[in-house]
Amino acid sequence: MESYAITADYLRPRLLHRENDSHKHDYGRLLIVAGCETMPGAALLATGAALRSGCGLVTLHSTPRTLFAAAANYPSAILSENPAANFNTLPDHLDRYTAIAIGPGLGWSPGTMNALMDLLVEAGNLDIPVVLDADALNILSTIADWPELLPPGSVLTPHKGELKRLLPCENDTVREALAWELCAEAGCFMVMKGYHSRIFTPGGDCLVNTTGNPGMAKGGSGDVLTGLIGGLLARGYKADVATALGVWVHGYAGDVLTESRTMEAYDSKDLIDKLPCGFHQLYQ
């Protein structure tokens, strides 16, 4: 097992660049499946972050109320309607997407579990990388043998509570060992969110973030990270770089806000507006 610190110097040689003679379809297409009639905000946070990731096109598949809010806040997002109050139908033409992010504010309904499983199967068949967060992880934790549903290269982004539900065991040390085994056996990546978030890779490496602070411990911060990592995967980054770049830029935005507003006086939506600061620091 090798451990690496995620720093600006680590990331700069791994950055992708844009060709002068290029267009939006050269930079990927992200599908976000998020939000329900009672939790539209999480979907908006993920969508806003994805639109700052550099990917070419972002589509939000969600409920009517969520899409109404998304149209008002993010006119450059493409909207795909799920007519019910919770996710229960797959969007058309999944093969057009280069990455999928699913989970923030997804909620729960009798059809949500089946729709999630169908989506994961289709993503696996089409070889589309998937980021799973929040309610998608909570739903998976209720399914026996859930790791078998994960498409290879999937990215899981649990906080401590979600990880405990996914890998119930006697203590954190055993749980961490199980997480290592899961990544190796399922070929997935795990972002263990928290102070100095850690990324476990299928090859046994551990990437440790060096940005971020306790001021980010507020509702919605994880939704922003999900959209950002999803957008980076769609943009063309491999999962190890997408996750490392995502957590570093996300944490850098929190550090910029803490410097100007203190740890107390900003919320997760403010993080979206400061994501460009991290990219600017890396590309300058």
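The expected span of a helix is 1.5 Å times one less than its number of residues. The legends below describe a predicted model.

**View 1. Helix H8 has the length expected of it.** H8 covers residues 221-235, 15 residues in total. The expected span is therefore 21 Å. The end C-alpha atoms of H8 are 21 Å apart, in agreement with that value. The helix is mostly covered, and 15 of its 15 residues are buried. Gly-236 follows H8. The phi of Gly-236 is positive, near 125°.

**View 2. The largest nonpolar core holds 54 residues.** Ile-6, Ile-32 and Leu-245 touch the most other members of this core. Helix H9, residues 239-261, gives the largest share of the core, with ten residues. A second, separate core has 37 residues. Val-33, Leu-106, Ala-123 and Ile-139 are among its members. In soluble globular proteins, nonpolar side chains tend to be buried together.

**View 3. Leu-245 meets residues from distant parts of the sequence.** Neighbours within four places in sequence are left aside here. Leu-245 is then in contact with Leu-11, Leu-15, Leu-232, Tyr-237, Phe-279 and Leu-282. Leu-245 is also one of the three residues that touch the most other members of the largest core.

**View 4. H9 and H10 cross at roughly 110°.** H10 comprises residues 268-283. The two axes come within 7 Å. Angles of 65 to 115 degrees count as roughly perpendicular, so H9 and H10 are roughly perpendicular to each other. The crossing of H9 past H10 is right-handed. On the H9 side, the contact is made by Leu-245, Trp-248, Val-249, His-250, Tyr-252, Ala-253, Gly-254, Val-256, Leu-257 and Arg-261. H10 contributes Asp-270, Leu-271, Lys-274, Leu-275, Cys-277, Gly-278, Phe-279, Gln-281 and Leu-282.

**View 5. Met-263 sits in the loop between H9 and H10.** The relative accessible area of Met-263 is 34%, so the residue is partly exposed. Its C-alpha atom is separated by 9.2 Å from that of Ala-217, 46 residues away along the chain. Beyond neighbours within four places in sequence, Met-263 is in contact with Asn-213, Pro-214, Gly-215, Lys-218 and Thr-258.

**View 6. Arg-14 lies in the loop between helix H1 and strand E2.** H1 runs over 8-11 and E2 over 29-33. Arg-14 has 36% relative accessibility and therefore counts as partly exposed. Arg-14 and Leu-245 are 231 residues apart in sequence. Their C-alpha atoms are 9.1 Å apart in space. Not counting residues up to four places away in sequence, Arg-14 touches Tyr-237 and Val-241.

**View 7. Asp-127 has a positive phi without being a glycine.** The value is about 60°. Asp-127 belongs to the loop between helix H4 (112-126) and strand E6 (130-132). Its relative accessibility is 64%, so Asp-127 counts as exposed.

**View 8. His-196 has a positive phi and is not a glycine.** Its phi is near 55°. The loop that holds His-196 lies between strand E8 (189-192) and strand E9 (198-200). With a relative accessible area of 32%, His-196 is partly exposed.

Key
Residues are numbered from 1 along each chain as its sequence is written. This is a predicted model: local features need pLDDT of at least 70, side-chain atom pairs count only at pLDDT 80 or more; totals for chains, interfaces and linings use all residues. Side-chain values use heavy atoms; hydrogens and water are left out. A nonpolar core is a set of buried Ala, Val, Leu, Ile, Met, Phe, Trp, Tyr and Cys residues joined through side-chain atoms within 4.5 Å. Buried means under 20% relative accessible area, exposed over 50%, partly exposed in between (1.4 Å probe, protein chains only). Helices (H or I, at least four residues) and strands (E, at least two) are DSSP runs, numbered from the N terminus. Contact means heavy atoms within 4.5 Å. Axes are lines fitted to C-alpha atoms, for helices over the stretch in contact, and angles run from 0 to 180 degrees between N-to-C directions. Angles under 35 degrees count as roughly parallel, over 145 as roughly antiparallel, 65 to 115 as roughly perpendicular and the rest as oblique. A crossing is left-handed if the near helix is turned anticlockwise from the far one by less than a right angle, and right-handed if clockwise.
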